[in-house]
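Q: Please take a close look at one part of this model, the long helix and what lies at either side along the chain, and describe it in connected prose.

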Amino acid sequence: MPAQDKTRRLPSQLISQDITSLHGLQTISTYNTTRTDASVANLQQVYQTMLAQQQAETEKLALYRAAADAARLAEWEFHNAVLAMKEVVRGQYGSDSDQAQAIGLKKKSERKRPNRKKSVAMA
């Protein structure tokens with residue numbers, strides 16, 4: 001048997017089939033094994049552990065999504081506040097001031113004027 005790659009998730013269809021098999025096993029009253037990993041008690045215990053871990057994952061995923069949404073909104077609020085500050089600095093001090101340059105804006109006098117391209121007449 002090849003080594004199992006436990007770094008990847010099992011497909012949900014396979015998990016569903018395993019759960020169906022466990023429920024089917026519960027109808028077999030004469031099932032008895034010497035393998036402890038295949039015993040009914042162990043199967044029930046690992047099934048309950050799986051359900052608890054899936055629930056914990058779902059709860060933490062919901063918390064993660066909520067935290068990501070809050071962080072995204074905070075980033076937008078900060079960005080909009082900085083844009084408003086830049087508008088105020090431009091309005092108070094002008095587009096060609098040292099204060100405008102201090103906040104990261106380019107001075108109006110330092111902007112390069114666009115060059116006109118001479119049209120080439122086709123003969």
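A: What follows goes along the chain from the loop before the helix to the segment beyond the next one. The model is a predicted one, and the description should be read with that in mind.

Before the helix, Tyr31 is found in the loop that joins α1 (12-25) to α2, and at 31% relative accessibility this residue counts as partly exposed, because the partly exposed class covers values between 20% and 50%. Together with Ile28 and Val40, Tyr31 forms a nonpolar patch on the surface, and the accessible area of these residues together is about 240 Å².

Within helix α2 itself lies Val88, which is also partly exposed, with a relative accessibility of 47%. The C-alpha atom of Val88 is separated by 68 Å from that of Ser21, and these two residues are 67 residues apart along the chain.

After the helix, the loop between α2 (40-93) and α3 (98-102) holds Ser97. Ser97 has a relative accessibility of 8% and therefore counts as buried, since the limit for that class is under 20%. The side chain of Ser97 also reaches the backbone nitrogen of Ala100, at 3.1 Å.

Further on, Lys106 lies in the segment that comes after α3, and this lysine is one of the residues in a surface patch of positive charge, where Arg90, Lys108, Arg111 and Arg113 gather with Lys106.

Terms used
Residues numbered from 1 in each chain as written. Predicted model: local features only at pLDDT ≥ 70, side-chain atom pairs only at ≥ 80, totals over all residues. Heavy atoms only, no water. Helix = DSSP H or I, 4+ residues; strand = E, 2+ residues; numbered from the N terminus. Buried < 20%, exposed > 50% of the residue type's maximum accessible area, 1.4 Å probe, protein only. Polar contact = N/O pair within 3.5 Å; in protein donor to acceptor, adjacent residues only side chain to side chain. Patch = residues over 30% accessible without salt bridge, like charges linked within 9 Å, V, L, I, M, F, W, Y side chains within 5 Å. Areas by Shrake-Rupley, 256 points an atom, 1.4 Å probe, with all protein chains shown as cover. Salt bridge = Lys/Arg side-chain N within 4 Å of Asp/Glu carboxyl O. Lys, Arg positive; Asp, Glu negative; His and termini not counted. Charge placed at Lys NZ, Arg CZ, Asp CG, Glu CD.
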